[in-house]
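Colleague: Before we rely on any of the labels attached to this model, I would like to go through them one at a time and hear the reasoning behind each.

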Amino acid sequence: MSNQDVQTAHHAGHEQGPALSFVTSESVASVETGLIKAHAYAALASLMIAALFGTVVAIKMVQPDFLGDHIWSTWGSMRANHTQGILFGWLGNAFLAFLYFAVPRLSGRPVISRTLGWWLFGLWNIGVVLLGWVLVSINMPDYFWAIKPLEWTEFPLAVNLVTEVSLGLMALQFIPPLARKPNPDGMYVSSWYIIGALVFTFLAFPVGSLVPQLVPGAMGAAFSGLWIHDVVGLFATPFVLAITFFVLPIRTGRPIYSHFLSMIGFWLLFFSYPLNGTHHYVYSSIPMDTQRAAIAASVIMGFDVTLVVFNLLMSLRGQAARVWEDVPLRFMWTSIVIYLIVSLQGSLQALMPMQRYIHFTDWVIGHSHLAMLGFASFGALGGLAHVWERTPGCRYRPGYMHLAYWLILGGLLVMFIDLTAAGIAQGKLWTSAAPWMDSVRSSQGYWLVRTLAALPILLGFAAFITGMFSGADGRADSRQTLSKGRAQASLVSGG
Amino acid sequence: MAERGPAPTHTGSHGWFGYAYLLIFLAGVGFFLLSFVALGVLPGLRLTDKMESVRQSDIPPYTPAELRGRKVYASLGCALCHTQLVRYLPADVQRWGAPTAAWETRYDYPQVWGTRRIGPDLARETHVRSNDWQLTHLYNPQSIVPDSVMPGFPWLFNGGPNRPTTGATDLLAYLRTLGRARANDGKRVPDDTHDSGMDPAMLMQITNLCAAPFIHPQQARVDTALPALDKQTASEALHARGSQLYAQNCAGCHGANGDGQSPAAVGLTPKPTNLRLHRYSTVGLAQALWNGVAGSAMPAWRDFPVADLASLTAYVQTLHAAADTEAPTPAPTLARGATVYAGHCLACHGVQGDGKGPAALGYLPRPANFTTAQSDTARIAQVLNKGIPGTGMPAWPNLTPLDKQAVTAFVRTLFKPKTGPAP
């Protein structure tokens with residue numbers, strides 16, 4: 001295919017509706033540009049709001065009186081709104097935006113229905129994110145409408161019901177195009193992860209949200225533990241990997257290093273991640289061999305991630321300059337590296353000797369921020385930037401994006417190091433004879449630093465959003481970047 | 001080379017029966033079911049046996065009020081900062097008592113084990129603190145624990161810690177249930193660890209810890225065992241440490257300068273003691289610090305290093321505002337005071353004034369011990385006129401002013417500032 005053709009093909013893909021096949025570069029399916037944009041806007045708005053909730057939580061740990069007079073702004077509600085907002089509002093919408101962009105390209109056919117898409121958009125954003133935030137703020141005591149004390153599913157059961165319906169609609173919208181008849185060249189890695197994540201999350205969500213309401217105490221906790229890990233390991237992780245496997249070869253113009261490693265990585269992930277759950281309740285009354293099995297699976301997970309990351313980084317070898325200057329690639333590369341760090345950390349901290357000291361401490365909070373902000377959000381931000389650059393009427397301004405990168409990364413690293421140190425200090429005091437309040441007092445300095453770290457992160461998000469909305473006259477810039485990539489041309493010549 | 005899936009022959013011609021369905025059924029459904037059964041259902045079956053191994057009479061179900069309180073606990077996010085999970089670890093057991101057994105959680109829909117411990121674990125909270133302490137702390141935590149980062153819940157109250165709504169009293173009722181079954185049970189040994197496959201040495205350590213009765217170090221108790229808190233040499237460092245400890249732990253209730261005037265005092269009955277109006281012997285303060293004052297909001301501080309308690313004792317002794325010595329009282333007045341004392345006070349406060357009269361056991365808090373604390377004359381007059389609300393001490397309107405004056409002087413002579421620590 002000549003350069004001229006590629007240029008034409010790009011125009012066809014971006015301006016006139018149909019997408020180019022990811023594999024053959026043929027024009028094969030139409031893309032719901034409106035839905036991409038709507039989910040991207042919702043994602044960015046939710047990111048900002050949920051990050052502000054998180055900042056309020058951090059401030060309250062330094063200044064407990066801050067916004068302390070009302071039930072809607074109490075610490076517990078703000079934290080529920082923070083974590084659920086990040087999960088459903090930010091990551092959920094970012095993944096949906098990516099799916100509307102990628103699924104037609106991966107499958108060669110459009111998603112099931114535009115109307116379904118808008119229903120899903122409404123349900124997800126009004127029925128899950130907004131309703132969740134509102135119900136948490138109202139804080140009704142009734143079973144169906146009440147905040148749940150369960151990690152990663154604090155939104156009330158009423159919201160969970162809408163969430164489950166939406167997850168079902170997501171599966172309906174995106175799986176059939178991918179599953180029905182793959183491209184002539186077969187299914188691409190991203191499709192595996194998308195299908196796996198959609199099916200798995202639809203099944204796993206009720207396990208975390210509903211089962212602990214039906215089975216008591218320790219038994220329910222075993223199921224809670226599953227969801228605590230599934231939400232990160234089988235919702236966030238596969239979608240971010242789907243983005244990564246999609247964006248990397250497009251932007252570098254080079255294929256993934258090893259198809260064999262891609263396969264091993266995928267199957268080992270789906271085998272071992274779900275078996276990690278009980279590592280959240282080590283040394284509890286859940287049978288010890290169950291705990292040990294989960295710990296073993298957590299170690300296998302570390303090996304698996306090492307393989308996946310090796311495969312991805314090898315795909316980027318010799319591309320340092322491009323990774324450095326290209327906005328989506330830089331975000332993706334950071335996501336990959338942090339994926340390795342956070343997963344090895346996860347394997348390490350699942351081990352019993354570590355659990356004795358760091359469980360229940362801020363170490364774990366540092367770990368979860370490294371996972372959800374460092375790995376998942378950097379991946380989603382990179383993916384969103386890639387989508388933005390190739391969606392009609394949407395361009396970003398690279399300067400803001402680079403600024404955003406440094407601000408978010410800087411804030412994250414300060415927060416991560418600070419909370420990890422805090423966790424070690426807390427664990428040390430808890431195993432000593434010191435009075436409990438000593439651990440609170442010694443944490444206060446760390447909590448202050450963590451609160452200050454929110455500032456660069458918030459500014460970074462603001463810079464990213466500004467970049468996303470100020471690219472209209474930077475259009476020429478991003479086209480230039482695009483033609484440098486020339487990914488599809490290479491793919492075609494290679495495949 | 002471009003990235004490829006399985007060869008086209010595998011998928012291209014099969015349409016609906018391609019590789020995608022392997023992903024759906026193995027990755028999506030199969031591995032989900034594997035984890036659901038292996039880590040959820042199978043341990044669940046074994047936990048069912050454990051949970052039902054305990055008779056229902058040993059662990060009564062929640063009352064409606066306790067259940068409502070549990071909902072308040074869940075929706076306010078208490079479980080986000082407070083675990084209810086004493087792990088099978090020596091450090092946990094040492095601090096909180098017996099590990100949380102599965103059977104203790106049999107009515108918990110949903111579970112509230114929690115995953116973060118910013119505040120203390122609450123699995124054994126049942127008798128640790130008094131009700132008025134709990135309510136005041138819920139209303140404004142910093143008023144009672146100055147360095148706490150816990151949020152207050154003023155909307156559970158009608159304007160003050162002493163005016164709780166049903167939301168607050170329900171929550172309190174629920175907090176009283178935490179660890180109740182374990183406390184009633186008496187079975188200290190964690191019987192459900194035998195099949196645990198835990199490190200035997202650690203299990204032995206836990207079993208040994210559990211063999212001795214556990215009383216939370218902050219739980220007030222009626223006890224006479226005391227550490228020796230005699231100050232070494234009074235020094236500036238000692239005073240500074242005592243002052244710091246006082247500000248961190250005592251000022252919330254007793255006031256920054258010890259006068260008992262504090263926001264927390266509104267919600268507490270009996271009121272926090274005005275430390276400026278009393279002269280305490282070292283034994284008197286050791287008793288209050290080590291054992292707390294059962295029947296009041298004054299917790300015990302047995303989790304503090306003895307050196308810190310000694311510093312605190314030395315510091316609190318300096319809070320007494322009046323001079324420690326004064327002119328002696330004439331003998332006839334003392335004789336009259338002794339007579340009044342024998343007639344009105346002795347039954348509770350005892351022959352020696354040590355608070356161990358024959359009727360003392362009927363009261364919590366226990367009657368004041370005049371040998372270890374000497375109240376100022378004005379304070380005694382106030383007590384005789386008004387009694388001490390929240391204790392067994394009544395007002396004595398029928399005593400003549402002269403009698404009151406005499407008994408006041410007599411009671412003050414019972415003080416023994418130099419007594420050594422109790423054996």
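Modeller: Let me begin with the pair α9(A) and α10(A), which are roughly antiparallel to each other; please keep in mind throughout that this is a predicted model.

Colleague: Why are α9(A) and α10(A) called roughly antiparallel?

Modeller: The axes of α9 (residues 259-272) and α10 (residues 288-315) of chain A cross at roughly 155° and come within 9 Å. Angles over 145 degrees count as roughly antiparallel, and therefore α9(A) and α10(A) receive that description. Their crossing is, in addition, left-handed.

Colleague: Which residues make the contact between them?

Modeller: On the side of α9(A) the contact includes L261(A), I264(A), L268(A) and L269(A), and on the side of α10(A) it includes I300(A), M301(A), L307(A) and F310(A). Sorted by class, this contact has 10 nonpolar, four polar and one charged residues.

Colleague: What makes Y283(A), in the loop between α9 and α10 of chain A, stand out in its backbone?

Modeller: Y283(A) has a phi near 70°, which is a positive value in a residue other than glycine. Most residues other than glycine have a negative phi.

Colleague: And how do you know whether Y283(A) is buried or exposed?

Modeller: The cut-off for a buried residue is 20 or more other C-beta atoms within 10 Å; Y283(A) has 21 such neighbours, and so counts as buried.

Colleague: How does F360(A) fare on phi and on burial?

Modeller: F360(A), which is found in the loop between α13 (352-358) and α14 (362-389) of chain A, has a phi near 75°, again a positive value in a residue other than glycine. With 22 other C-beta atoms within 10 Å, F360(A) is buried, because the cut-off is 20 or more.

Colleague: Which residues touch the most other members of the largest nonpolar core?

Modeller: That core has 218 residues, and L384(A), F174(A) and Y100(A) are among those that touch the most other members. Its largest share, 23 residues, comes from α8(A). Leaving aside neighbours within four places in sequence, L384(A) is in contact with A40(A), A43(A), A94(A) and A97(A).

Colleague: What does α8 of chain A give to the side that touches chain B?

Modeller: In total, 87 residues of chain A are in contact with 80 residues of chain B. Helix α8 (residues 217-252) gives the most to the side of chain A that touches chain B, with 10 residues, and that side has 55 nonpolar, 21 polar and 11 charged residues.

Terms used: Residues numbered from 1 in each chain as written. Chains lettered and ligands numbered in written order. Predicted model: local features only at pLDDT ≥ 70, side-chain atom pairs only at ≥ 80, totals over all residues. Contact = placed C-beta atoms within 7 Å. Helix = DSSP H or I, 4+ residues; strand = E, 2+ residues; numbered from the N terminus. Nonpolar A, V, L, I, M, F, W, Y, C, P; charged D, E, K, R; others polar. Core = buried A, V, L, I, M, F, W, Y, C linked by C-beta atoms within 7 Å. Buried ≥ 20, exposed ≤ 12 C-beta atoms within 10 Å, placed from the backbone. Axes fitted to C-alpha atoms, helices over the stretch in contact; angles between N-to-C directions. Parallel < 35°, antiparallel > 145°, perpendicular 65-115°, else oblique. Left-handed = near helix turned anticlockwise from the far one by under 90°.
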